[in-house]
Amino acid sequence: MEFSRTPVVTPEGDAPTRARVIRSILENGPLTAADLAQRLDLTPAAVRRHLEHLVEIGSLAAEDQRVYGSRGRGRPAKVFRLTDAGRDELDQQYDDLAVLALRFLSETQGDDAVMEFARRRVAFIERDFRTVADLNPDLSPAEVLAKVLTVGGYSASVKALPIGDQLCQQHCPVSHVAAEFPQLCEAETEAIGKLLGRHVQRLATIAHGDGVCTTCIPNTPEKKDGESA
């Protein structure tokens, strides 16, 4: 889909619909115009108008959809993902104060202190897991974890894989800070692995420029000391 370079002016009444478009992409990851039209019950023409505006102001970016296996004739569809500016519009921008505080902590107390801070920040994962599990007995441990993270602002979901589960976090409330202090991501991954008893692997992070944070959770639990293979 090609976009006109003519500046787009949209009525103020369009703002709620544009917010729905951004929220849908936040919760579901990159989407095509057709996907959005179906999810939001809008006409394709209306969706394209909103997407055109959001791309022009820098809230969204358009890129070719990845196709696995053989692809039909014609150009691939465009998918739309949130940019950093788009995430900032969701009122989850972390100002310079957090970065300055962590820089001060690192300079005065060392990197170990930053890591300890990061571990304390994600302590809610283990703290809230049992409560959510008791309230949702039909969910798998990975699905319970996704609910805990979603309440914590991560908009998380789980995809089943042949080797286990893939935890997808469509949003990271600390991505701007984690770009400079990866200890925030490391502590989160550490907490997930400890809670689930798995050696989990982080495959992508929003803080490093990926569209979504993904973590592979294998089926096989880690062996405890003294257990046979």
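This briefing covers a four-stranded sheet, the helices that touch it, and two residues with positive phi. The model is predicted, so local features need pLDDT of at least 70, side-chain atom pairs count only at pLDDT 80 or more, and totals for chains, interfaces and linings use all residues. Residues are numbered from 1 along each chain as its sequence is written, and side-chain values use heavy atoms, leaving out hydrogens and water.

**Sheet**
- Four strands form an open sheet in the order 4-5-7-6, with antiparallel pairing (strands are DSSP runs of E, at least two residues, and helices are runs of H or I, at least four, numbered from the N terminus; two strands pair if DSSP finds at least two bridges between them).
- Strand 4 (156-161) and strand 6 (201-204) are at the edges and have a single partner strand each, so one side of each lacks a neighbour in the sheet.
- From one strand to the next, the twist averages 25 degrees.
- Strand 5 (residues 164-169) and strand 7 (residues 213-218) run antiparallel and are joined by six bridges; Gln169 has Cys213 of strand 7 as its bridge partner.

**Helices on the sheet**
- Helix 8 (residues 141-151) lies across strands 4, 5 and 7, at about 160 degrees to strand 4 (angles run from 0 to 180 degrees between N-to-C directions of axes fitted to C-alpha atoms, for helices over the stretch in contact).
- Helix 10 (residues 183-196) touches strands 5, 6 and 7 (contact means heavy atoms within 4.5 Å), and its direction makes about 135 degrees with that of strand 6.

**Positive phi**
- Most residues other than glycine have a negative phi.
- Asp41, in the loop between helix 2 (33-40) and helix 3 (44-56), has phi near 55 degrees and is exposed at 70% relative accessible area (buried is under 20%, exposed over 50%, partly exposed in between, with a 1.4 Å probe and protein chains only).
- Ser155, in the loop between helix 8 and strand 4, has phi of about 50 degrees and is buried at 15% relative accessibility.
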